[in-house]
Amino acid sequence: MVSLQALFGGTFDPIHYGHLQTVEALAHQVGLRQVTLLPNNVPPHRPQPEASAAQRVAMVELAIADRPLFNLDTRELMRQTPSWTVETLEQLRAERGAQQPLAFIIGQDSLLSLHKWHRWEALLDLCHLLVCQRPGYPGTMPTPALQQWLTQHQTTDAEALHRQPAGLIWLADTPLVPVSATDIRQRRHQGMPCDDLLPAAVIDYINRQGLYRP
């Protein structure tokens, strides 16, 4: 059986344990051997990152240096246009072949607003969706039609994610890690410590680069 490959996009401004520990728990649940991190260049739905693209890549490299589950793909940082997930997935699907099982990891917050994404209906033609819990977000979709769409595609069979290339949604029972990059930046701006929220190598880099200063 071909092993499921997963992709995880984000601004990673900065990368933190909420990213790493949640995805590691998800990997254990569904049998992932490889998760590719895809740092965004111009996130369509949110403010521009405080750290530069090079700094965010450096922080990701430091965070995953001792975590063999993860690798890094910087293709979205090469673009001068918005990072539309569906276009990145089309590229990756073309590269990895029509039969390779692919999954895209998102949070519950992203699932609830997925219908606002660019060409969102095409996502399940290209990949599975693996959805991690996020603290404080409802467990049902905002409209009956979207809830029906979720029910139609949802699976509780992890092996099915490995058997077919795309089309399924897995709602993961991942730990609720109450960490966000916004919280970390705010704490740094206020001169508060963040040592328990992200790897020591990343904290050291942030300090050396003078990022997120008060």
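This text goes through two features of a predicted model, its aromatic pairs and the packing of helix α8.

The structure contains 2 aromatic pairs. In one of them, Phe8 and Phe12 have ring centres 5.8 Å apart and planes at 75°, so this pair is edge-to-face; the cut-off for that class is an angle over 60 degrees. Phe8 counts as buried because its relative accessibility is 12%, under the limit of 20%. Phe12 is buried too, with a relative accessible area of 2%.

Trp120 and Trp149 make up an aromatic pair that is also edge-to-face, with 5.1 Å from centre to centre and 80° between the planes. Trp120 sits in the loop between α4 (108–112) and α5 (123–126), while Trp149 belongs to helix α6 (residues 144–153), so the pair ties together parts 29 residues apart in sequence. Trp120 has a relative accessibility of 14% and therefore counts as buried. Trp149, at 15% relative accessibility, counts as buried as well.

The second feature is helix α8, which spans residues 181–189. Which residues of α8 are buried? They are Ala181, Ile184, Arg185 and Arg188. These residues lie on the same side of α8 because they cover an arc of only 95° around the axis. The partner against which the buried residues of α8 pack is α9 (200–209). Just after α8, Gly191 adopts a positive phi of about 75°.

Conventions:
Residues numbered from 1 in each chain as written. Predicted model: local features only at pLDDT ≥ 70, side-chain atom pairs only at ≥ 80, totals over all residues. Heavy atoms only, no water. Buried < 20%, exposed > 50% of the residue type's maximum accessible area, 1.4 Å probe, protein only. Helix = DSSP H or I, 4+ residues; strand = E, 2+ residues; numbered from the N terminus. Arc of directions from axis to C-beta. Contact = heavy atoms within 4.5 Å. Phe/Tyr/Trp six-rings, centres within 6.5 Å; stacked < 30°, edge-to-face > 60°.
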